[in-house]
Amino acid sequence: MEGQLCANVEISVKKPPGASPPSFIALLKVYRELLVTRIRNTQCLIDNLIKNDYFSTEDAEIVVQFPTQADKVRKILDLVQSKGEEVSEYFIRVLQKVTDAYYELQPWLDEIGYEPSENICSKPVVNTDPVSRYCQKLRYELGRDSKFVTSYAQREEMLLEEIYSDSIMELVSFTNESLGKVCQLEALFDDAVGLINEDGETIYVFGDAGIGKSILLQKIQSLWARKELDIGAKFFFRFRCRMFSCFKEDEAICLKDLLFKYNCYPDQDPTEVFRHILQFPHTVLFTFDGFDEIYSNFDLNSVPEMCSPNEPIHPLVLLVSLLRGKLLKGSKKILTARTGTEIQRNIIRKKVLLRGFSNNNLKEYTAMFFKDEGQRTLVLNQLEANPNLCSLCSVPLFCWIIFKCYEHFHSMCDSHELPDCSVTLTDVFLLMIEVHLNRSLKTSLLKNNSRSQAEMFKSRKETLLALGKMAYKGMENSFFIFEQEEVSSANISEEDLQLGFLRTVKGYSGCDNQSTYEFLHLTLQSFFTALFLVIEEKVGAKELLQFFNECSSTETAQHTCLRIPWLKKQLAGEDPFRNNEHFHFTNLFLCGLLSRSKQKLFRHLVLPAVIKRKRKTLITYLGESMRSHLKGLTRSRLPKYNQIQVQPNFVWMLRCLYETQSEKVGKLAAKHMHANYIKLTYCNAYSADCSAISFVVHHFQKRLALDLDNNNINDYGVKQLLPCFSKLAVIRLSVNQVTDHGVRILYEELSKYQIVTFLGLYNNQITDVGAKYVAKLIEECSSLEYVKIGANKITSEGGKCLAQAIQKSKTMFEIGMWGNQVGDEGAKAFAEALRNHPRLTNVSLAFNGITTEGGKSIAEAMQHNNSVKIFWLTKNELDDEAAMSFAEMLKVNKKLVHLWLIQNQITAKGVKYLSEALKENTAIKEVCLNGNLISQEEAKAFENEERIICF
């Protein structure tokens, strides 16, 4: 609008050399209505005009008398113009200097080319605008709060910039199909990528516990505070969702209090600041962390939908109204939750899945964590030697814990290698507890004074029991915030607090006058809950298994979970492994702590007979639950295979079984599956879960099919599957972040056993290097019949290697290369492979950058092929000349059944060639030409040939 107004007026303050000074009075007259419309704060102008003696007190009183903001601006303009050129110029100077308050006028100031005179430059300008002052305060406080991250080691704080490392962030559809990676945080707010619902206002970030959701929000907060996040947000309000569980059922506050009281309070004119926020909601960014951590008996169905920003009401209603867009519609919102928390689609704008560290991310994080090159090299070598530990390190939280433990023991004992055997998550947390307890010891000059783990736990049994008791009571009610009274009643001393397992939190309702606490991470509360169940001798079978029962009881879940109509928790009847993650982690740690290998540790803390009784109770329950769970799974009979289709909760069952480290339990699970094709697709399995999968699968006696498509396995997970490869005839790892390194492992292992028939690697991170390993496998493994390696990063070089291997193979039945870039050189190599191939039946070279040259080579070779039945050449660059070659091929080749030439550059001329060729070919069933350069009118000419499909 400013530009349009300026374009119609010939006034400018730019003056050519020797010209007379511009008239600022005239400028204010010409742009009067623009200024009246755009100036929203008059107090800052009045304050500065008074400070420089341009306005008297009487002038200010006259302005204030006017009822509306627009009238006040008009009166200020009248007074300024009446006082002459200097005052008029100073008025414009204030607009220029106080950018935050008058940001909407900055384009106008640039367009008129205003440059202050020397006299006006000497006059001070002070920002007294309450809105911009509040923005400055907000940036300062959020910058200060986000500068440090609390470490998982005795209240230690580390600079965010020194420990934050990028991880894999993936934009996904409503059905969690990948829409691309997030390379820069600004892309989260860019509608050009990943937008799945333009009416939604919430960016929904989800991932497993410890995957980095909270630290991502802290990074965004830090960037915003430093003005390094250019998304047009003037205000940033952050909330941890668990705070909403602290409000009593009858509490009511208004939106203004929710924003200011629980974030940062304006020093001046809160009413004006809030009015500005209401008027410009698009300048507000909210972050809501941990939506799945809200637990309340407050029933939102008992109140009407809330839209008034001034009416006091329960804070949960305000939260839901903000997310729905009923309040501050147009504001930007980021909501995080753990995997399995389903939010109604109509509030979601984008979905972002956090997958943890890739191989490169882990190396970068290791370099950031261990500054000493020698120590860093040692850690990386040990991780490389231990794929199990390396897999755990793909989850940032667990990686931090492991590195902290290594760092501590290295400083205490000069050298302490990472464990070289199978490591469970329970082992990692026990190690972390040991580190915390060791830090309470006074270190001697010789440093080597740490006690054994058993001695350390025995000496601090009362502390561990007290922390466990409080964790247990909170877990029973899904409470994650503890008041001072609860801490004291659990007999947790000040010395215990100094160990660093708990941290103080502030700003919660009803807790203003005393400290409030939470465990450093929700998984730590789960661990202490499980520890309490093990070392408290009075715990019976009912209490021991109660969190398995919590997971399986829909009635209990509905009672404790916040009843929000559009928050859908996945329930599975009596299935004890349904997604309810803080309970699941408690159960997992319980299995680990009661494993046989931990008996030596706990015999110092509890009577062996008690441990034996609890272990027997747990193992019996696991066996019964496992049989019940497996009976309820979907089964299918396929040629050569009995398939079992598992759900994401099955992964939790495997995790629990693995933590027990009981071979007996693993064999029992394998026996009761009654299947030899395990379909684990879309189960949110990550690399460390492959240890659990192997733990069960290696007990199978016969050959097996394992489908792990669409998970987060990566190279570490591939390495964890080593015990399985001697059994695997089918291995599917599509959409799993697998790189060339993972493919190398597959080649080395699968070529040993020579039993694999199907290899699925679609949509990974495989380059020509990995393609060469697959080619070697095709050459060396005569059992291999199906290879799916599309949507990777394979060029003509890798394409030629694969084609040459297929040419030598007498058993290959199907090759899927969709979405690579083999180009014409690769197409020519595949043409030679096709020529007289004895068995190849299904071929996809779709979306591979193949032009007419490559197409003609394929068409000519297909004249000498009698095996291929289906050929996909969709989304290439084939034109009429290529179509003519395919037409000639169809006159000769009477074995091809389906030819897909969809989305190429073929016109009606090329279609005519193909249509004529079909008169001599009765074998082919369809030639698909959708999406080519053919109009509906032109397509009518081929209506009589039903096998030609144009639309």
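I started by pinning down a term: a residue is buried under 20% relative accessible area, exposed over 50%, and partly exposed in between. I also noted that this is a predicted model.

**Salt bridges**

I looked up Asp145 with that rule in hand. Its relative accessibility is 28%, so Asp145 counts as partly exposed. Arg144 is partly exposed too, at 41%. I found a salt bridge between Asp145 and Arg144, with the closest N and O atoms 3.3 Å apart.

Then I checked Glu518 and Arg240, whose side chains meet in a salt bridge at 2.7 Å, N to O. Glu518 sits in strand β13 and Arg240 in strand β6, 278 residues apart, so I wrote this pair down as a link between distant parts of the chain. Glu518 is buried at 1%, whereas Arg240 is partly exposed at 29%.

My next pair was Arg460 and Asp496, a salt bridge at 3.4 Å, N to O. Arg460 lies in the loop between α21 and α22 and Asp496 in helix α24, so the pair ties together parts 36 residues apart in sequence. Both residues are buried. I also found one network of salt bridges with shared partners, joining Arg240, Arg242, Glu293, Arg503 and Glu518. The full count came to 42 salt bridges.

**Cavities**

I searched the whole structure and got six cavities of 30 Å³ or more. The largest holds about 220 Å³ of space. Its lining has 21 residues, and Leu425, Arg655, Tyr686, Ala688 and Asp689 lie nearest the centre. Helix α32 gives the largest share of that lining, four residues. By class I noted 13 nonpolar, three polar and five charged residues there.

How values were computed
Residues are numbered from 1 along each chain as its sequence is written. This is a predicted model: local features need pLDDT of at least 70, side-chain atom pairs count only at pLDDT 80 or more; totals for chains, interfaces and linings use all residues. Side-chain values use heavy atoms; hydrogens and water are left out. On a 1 Å grid over the protein atoms alone, a cavity is a set of points where a 1.4 Å probe fits but cannot get out, and a pocket is an open set with protein on both sides within 12 Å along at least five of seven lines; lining residues have an atom within 4 Å of a point. Grid points are joined across faces, edges and corners, and a volume is the space filled by probe spheres set on the points. Helices (H or I, at least four residues) and strands (E, at least two) are DSSP runs, numbered from the N terminus. Ala, Val, Leu, Ile, Met, Phe, Trp, Tyr, Cys and Pro count as nonpolar, Asp, Glu, Lys and Arg as charged, and the others, Gly among them, as polar. A salt bridge is a side-chain nitrogen of Lys or Arg within 4 Å of a carboxyl oxygen of Asp or Glu. Buried means under 20% relative accessible area, exposed over 50%, partly exposed in between (1.4 Å probe, protein chains only).
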